[in-house]
Amino acid sequence: MTTVGLRERKKEKTRLAILDAALDLFLEQGYESTTVEQIAGAVDISPRTFFRYFTSKDHLVLWFHDHGEGLMMETMRSRPQGEPPFTALMHAVRAVLSDMEGSTEDEHRRFLKLRRVLDENPQLIGQSVARGAGTERRLAELVAARRGTDADSDQLSHLIVAFAMSAMRVGFECPRRDGGMPEITGRMAETIELAERSLRPGWDL
């Protein structure tokens, strides 16, 4: 393994250690009561080192948005240019689903802890919604580019993204039984299929 590879693995290990420590502290003593200093101390790093990985403790609870957006943007850019925009976007949604299905038990637990943190801290929902809106804007720009239009003026590009992201949200949340990751991924797969068969071919052109 190269030196660069070892360095990246070490960085990822530290990032996940910070994330895990933060989620545990948030659930044990409350989000508002937890400080960056406490999180850093739990993994034996300095606050300065913490900020090399996360811009704030709010950033910690948005890690799933960052990861999911990265997967979707990468998938969208890799799809054939002539593919219908909604089809390409649903492949991007499926990339997130596939990543979740292939995740480890540690990753499952991390995701479910994050959901608990959000459930117990409604004030964070607004930040999550704002972060999601940013993702939708960036996806709409990719869709508009595929359609040869301008995202600032093309409503259909935004509607295509809104439909796809709504399907993802419904898959995550409805109906919610807290049965763990298999339930969530199974529900997402069902919702993706439902969305695709609910729209006539060519509607997004």
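Buried, in what follows, means under 20% relative accessible area. I start there because V61, at a relative accessible area of 3%, falls under that cut-off and is buried. V61 sits in the loop between helix 4, residues 57-60, and helix 5. Its C-alpha atom is separated by 9.1 Å from that of A22, a residue 39 positions away along the chain. Please keep in mind throughout that this is a predicted model.

Now the overall picture. The protein has 10 helices and 0 strands. Read from the N terminus, the order of elements is therefore simply α-α-α-α-α-α-α-α-α-α. The C-alpha trace spans about 55 × 40 × 35 Å along its principal axes. Of the 205 residues, 42% count as buried.

Next, what the records say. UniProt, in an unreviewed entry, has the annotation "domain: HTH tetR-type" over residues 12-72. In the model that stretch is 75% helix and 0% strand, and its end C-alpha atoms are 21 Å apart. The UniProt record, again an unreviewed entry, also places a "DNA-binding region" at residues 35-54. For residues 35-54 the figures are 70% helix and 0% strand, with the end C-alpha atoms 13 Å apart.

One backbone detail belongs here. D44 lies in the loop between helix 2, residues 36-42, and helix 3, residues 47-53. Its phi is near 60°, a positive value in a residue other than glycine. Most residues other than glycine have a negative phi. D44 is exposed, since its relative accessible area is 72% and the cut-off for exposed is over 50%.

On to helix 5, residues 63-78. Does its length come out as expected, or what is the span of its end C-alpha atoms? The 16 residues of helix 5, at 1.5 Å a residue, should span 22 Å, and the end C-alpha atoms are 23 Å apart, which agrees. As for burial, the buried residues of helix 5 are W63, F64, G68, E69, L71, M72, M73, T75 and M76.Helix 5 also takes part in both pockets I want to show.

The largest pocket has a volume of about 680 Å³. Its lining is made up of 24 residues, and the closest to the centre are F64, H65, S128, R169 and F172. F64 is one of the buried residues of helix 5 listed a moment ago. Which helices each supply at least two residues of this lining? They are helix 5, helix 7 (105-120), helix 8 (125-147) and helix 9 (155-173). Helix 8 gives the most, with 7 residues. By residue type, the lining of the largest pocket divides into 12 nonpolar, 5 polar and 7 charged.

The second largest pocket holds about 310 Å³ of space. It is lined by 16 residues, and W63, H67, D99, S103 and E107 lie nearest its centre. Two or more lining residues come from each of helix 1 (3-29), helix 5, helix 6 (85-101) and helix 7. Here helix 7 gives the most, with 4 residues. The lining of the second largest pocket divides into 6 nonpolar, 4 polar and 6 charged residues.

Where does the second largest pocket lie with respect to domain 1 and domain 2? Domain 1 covers residues 1-54 and domain 2 covers residues 56-198. Both give residues to the lining, so the second largest pocket lies between them.

Two more residues before I stop. R131 is in helix 8. With a relative accessibility of 18%, R131 counts as buried, because the cut-off is 20%. The C-alpha atoms of R131 and D66 are separated by 8.8 Å, while along the chain these residues are 65 apart.

The other residue is L199, in the segment after helix 10, residues 181-197. L199 has a relative accessible area of 26% and is partly exposed. Between its C-alpha atom and that of F86 the separation is 9.9 Å, for two residues 113 apart along the chain.

Definitions and conventions:
Residues are numbered from 1 along each chain as its sequence is written. This is a predicted model: local features need pLDDT of at least 70, side-chain atom pairs count only at pLDDT 80 or more; totals for chains, interfaces and linings use all residues. Side-chain values use heavy atoms; hydrogens and water are left out. On a 1 Å grid over the protein atoms alone, a cavity is a set of points where a 1.4 Å probe fits but cannot get out, and a pocket is an open set with protein on both sides within 12 Å along at least five of seven lines; lining residues have an atom within 4 Å of a point. Grid points are joined across faces, edges and corners, and a volume is the space filled by probe spheres set on the points. Ala, Val, Leu, Ile, Met, Phe, Trp, Tyr, Cys and Pro count as nonpolar, Asp, Glu, Lys and Arg as charged, and the others, Gly among them, as polar. Domain bounds come from an automatic or database domain assignment. UniProt positions are given in the numbering used here, feature names are shortened, and annotations may be inferred rather than shown by experiment. The expected span of a helix is 1.5 Å times one less than its number of residues. Buried means under 20% relative accessible area, exposed over 50%, partly exposed in between (1.4 Å probe, protein chains only).
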